[in-house]
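Here are some short exercises to work through with the model in view. Try each task yourself before you read its solution.

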Amino acid sequence: MHRLPNWELNRRAFVLSGLALAGLPWRAQASSLLVKHQQKFTGNPFTLGAASGDPTPSSVVLWTRLAPSPLTPDGGMPAENVEVRWVIAKDDQLRDVVREGRSIATPLFAHSLHVEVDGLEPDRWYSYGFFVGNEASPIGRTRTMPALSVLPGKLRYAFASCQHYETGLYTAYEHMAQEDLDLVAHLGDYIYEYEGKDKRVRKHEGPKLTSLDDYRIRHAQYKTDGHLQAMHAACPWVVAWDDHEFENNCAGDISERSGVDPVLFLQQRARAYRAYYEHMPLGPMSIPQGPYMRLYKNIQFGRLAQFSVLDTRQYRSDQPNGDGKKPATGAVLDPQTTMLGGDQEHWLNNSLLNSPARWNVLAQQVMVAPVDFEPGPEVHLSMDQWGGYDVARTRLLSFLRDRQISNPVVITGDIHSNWVNDLKVNFREADSPTVATEFVGTSISSGGNGSQTVPRAQGMEQENPFVKFFNAERGYVSCTLTPKEYRADYQVVEYVDKPGAPKVTRASFVVEDGKAGAERA
């Protein structure tokens with residue numbers, strides 16, 4: 001099939017997606033419909049809870065969606081605008097109000113709300129809620145970040161990924177909610193796009209996702225989980241997608257299935273991105289523009305930590321050598337093969353160069369360390385991970401080394417297993433200096449009940465001397481940062497096919513300030 005030039009592909013995908021209006025400010029969209037001030041609902045309109053995200057020292061984004069019937073295409077809402085009152089206060093009873101207002105929930109965005117509240121005090125906790133008619137949302141807790149000039153004494157956050165609804169319960173979130181966290185970073189695979197299957201722990205609603213209604217219902221189904229809702233309400237989240245929010249192993253505008261028209265593929269991506277935005281606590285920078293949506297950003301926790309949140313799906317080259325686990329040949333070694341795309345890579349470099357932070361955390365999706373799963377002299381790397389993008393990875397790690405970026409740490413999701421990796425510019429030389437540490441977190445539930453060993457892990461240390469830990473149980477990683485050290489605690493649950501699994505801290509690792517590489521605590 002003749003491939004269209006990029007500019008023509010982008011234009012046609014945007015126009016034909018039918019979602020071009022998604023990029024307009026909501027005020028312009030709302031003007032075409034009357035606002036319903038007194039709305040009566042057939043049930044609780046806040047079935048999907050409330051959430052917050054993208055915090056700064058003076059602002060935070062508050063989110064909810066009106067959906068009395070969440071597993072229907074329209075959420076049980078009429079095709080009209082609804083005015084919703086919101087409140088943010090210093091106390092959990094919402095009496096000491098510091099900001100309040102009214103916003104419009106429009107059917108164009110599935111009656112979701114993304115309220116960016118500014119003018120808040122730095123480094124303090126708030127409570128918030130939404131109100132419509134006689135109904136009130138659950139009360140959530142959120143916080144602002146410390147002032148950029150301040151060096152805080154401690155940051156507590158957790159990162160998680162991969163929460164396949166069908167293959168396990170969200171017990172890990174139940175335990176996470178008991179921790180005193182300032183922030184959660186979700187690194188992707190928030191939903192899965194596959195059709196529902198019988199004889200699993202739970203079952204997806206509907207077919208494999210293609211339409212906007214399909215994606216909306218799937219997001220809503222995931223959001224109905226009580227443990228997930230409680231964790232969203234506990235503290236602000238910073239979110240980024242991987243592939244399953246759209247299509248497995250997607251790469252830019254290229255499907256993993258051969259023969260898919262890239263214009264049609266981008267039209268579907270526009271639907272997936274719109275539903276994603278509708279269900280996440282994202283600010284105006286992330287309003288989708290048809291099949292394009294910016295997620296990469298910085299989150300600053302004073303001078304203690306900078307989170308550079310990356311998007312390793314939307315801008316990448318196609319996986320080299322036909323995907324899968326392959327030798328590092330051909331396009332793997334091509335300087336034009338990119339994981340981040342030129343604009344994002346340039347933005348990241350500038351962000352790191354200008355970072356005032358003691359710890360620079362790269363929050364991203366796929367493993368950076370080139371783990372070889374093939375015993376013996378042959379080397380087989382995952383073409384979907386940074387191992388398939390050798391030049392881009394080397395360029396990134398060389399930049400961290402040459403520009404002496406302060407304490408770089410990479411956090412990763414995707415592969416349903418826990419890892420701790422030393423990151424080097426030259427992985428082929430065992431004595432090559434370590435320039436950064438990678439903490440890879442397992443899945444919340446994807447893959448079902450896990451195990452303490454990683455499949456195909458025989459000879460792992462011999463093949464990959466930069467690997468310091470691996471484990472395939474379910475769970476998350478909780479991290480404590482101080483000016484002197486970064487501590488990562490690998491929290492696991494031994495089963496997810498039934499409720500009640502206890503939390504076990506399976507391993508802990510520490511990175512000292514000014515000393516690259518993690519050591520077991």
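Let's warm up with an example: lysine 498 has a relative accessibility of 44%, so this residue counts as partly exposed. The scale behind that word is relative accessible area, where buried means under 20%, exposed means over 50%, and partly exposed lies in between (1.4 Å probe, protein chains only).

Before going on, note that this is a predicted model, in which local features need pLDDT of at least 70 and side-chain atom pairs count only at pLDDT 80 or more, while totals for chains, interfaces and linings use all residues. Residues are numbered from 1 along each chain as its sequence is written, and side-chain values use heavy atoms, with hydrogens and water left out.

**Exercise 1. Salt bridges**

Task: How far apart are the closest N and O atoms of lysine 498 and aspartate 497? How many salt bridges does the structure hold?

Solution:
- Step 1. Start with the rule: a salt bridge needs a side-chain nitrogen of Lys or Arg within 4 Å of a carboxyl oxygen of Asp or Glu.
- Step 2. Lysine 498 and aspartate 497 form a salt bridge, with 3.9 Å between their closest N and O atoms. Aspartate 497 has a relative accessible area of 41%, so it is partly exposed.
- Step 3. The count for the structure is 29 salt bridges.
- Step 4. Some residues join up: Asp242, Asp243, Arg313, Arg316 and Asp384 form a salt-bridge network.

**Exercise 2. Bridges between distant parts of the sequence**

Task: Which residue forms a salt bridge with arginine 143, and which one meets lysine 208?

Solution:
- Step 1. The partner of arginine 143 is aspartate 182, at 2.6 Å between the closest N and O atoms.
- Step 2. Arginine 143 sits in strand β9 (residues 140-143) and aspartate 182 in the loop between α3 (171-176) and β11 (183-186), so this pair ties together parts 39 residues apart in sequence. Element names follow DSSP runs, numbered from the N terminus: helices (H or I) have at least four residues and strands (E) at least two.
- Step 3. Both arginine 143 and aspartate 182 are buried.
- Step 4. Lysine 208 meets glutamate 247, with 2.4 Å from N to O. Lysine 208 is in the loop between β11 and α4 (212-223), and glutamate 247 is in the loop between β12 (237-239) and α6 (262-278), so here too the parts tied together are 39 residues apart in sequence.
- Step 5. Lysine 208 is partly exposed at 29%, whereas glutamate 247 is buried at 3%.

**Exercise 3. A buried aspartate**

Task: Which residues does aspartate 243 touch, not counting residues up to four places away in sequence?

Solution:
- Step 1. Find aspartate 243 in the loop between β12 and α6.
- Step 2. The relative accessibility of aspartate 243 is 2%, so the residue is buried.
- Step 3. With that sequence limit, aspartate 243 touches Asp189, Asn248, Asn249, Cys250 and Arg313. Contact here means heavy atoms within 4.5 Å.

**Exercise 4. Two helices side by side**

Task: At what angle do helix α7 and helix α8 pack, and how far apart are their axes?

Solution:
- Step 1. Two packed helices are described by the angle between their axes and the distance between the axes.
- Step 2. For α7 (residues 342-353) and α8 (residues 390-402), the angle is about 15° and the axes are 11 Å apart. Each axis is a line fitted to C-alpha atoms, for helices over the stretch in contact, and angles between N-to-C directions run from 0 to 180 degrees.
- Step 3. It follows that α7 and α8 are roughly parallel. The classes are roughly parallel under 35 degrees, roughly antiparallel over 145, roughly perpendicular from 65 to 115, and oblique for the rest.
- Step 4. On the α7 side, Glu345, Leu348, Asn349, Leu352 and Leu353 meet Arg395, Leu396, Phe399 and Leu400 of α8.
- Step 5. Sorted by class, the residues of this contact of α7 with α8 are six nonpolar, one polar and two charged. Nonpolar covers Ala, Val, Leu, Ile, Met, Phe, Trp, Tyr, Cys and Pro; charged covers Asp, Glu, Lys and Arg; the others, Gly among them, are polar.

**Exercise 5. Positive phi**

Task: What is phi of alanine 110, and what is phi of cysteine 162?

Solution:
- Step 1. Most residues other than glycine have a negative phi.
- Step 2. Alanine 110 has a positive phi, near 55°. Alanine 110 lies in the loop between β5 (97-105) and β6 (112-117), and is buried at 6%.
- Step 3. Cysteine 162 also has a positive value, near 60°. Its place is the loop between β10 (155-160) and α3, and cysteine 162 counts as buried at 0%.
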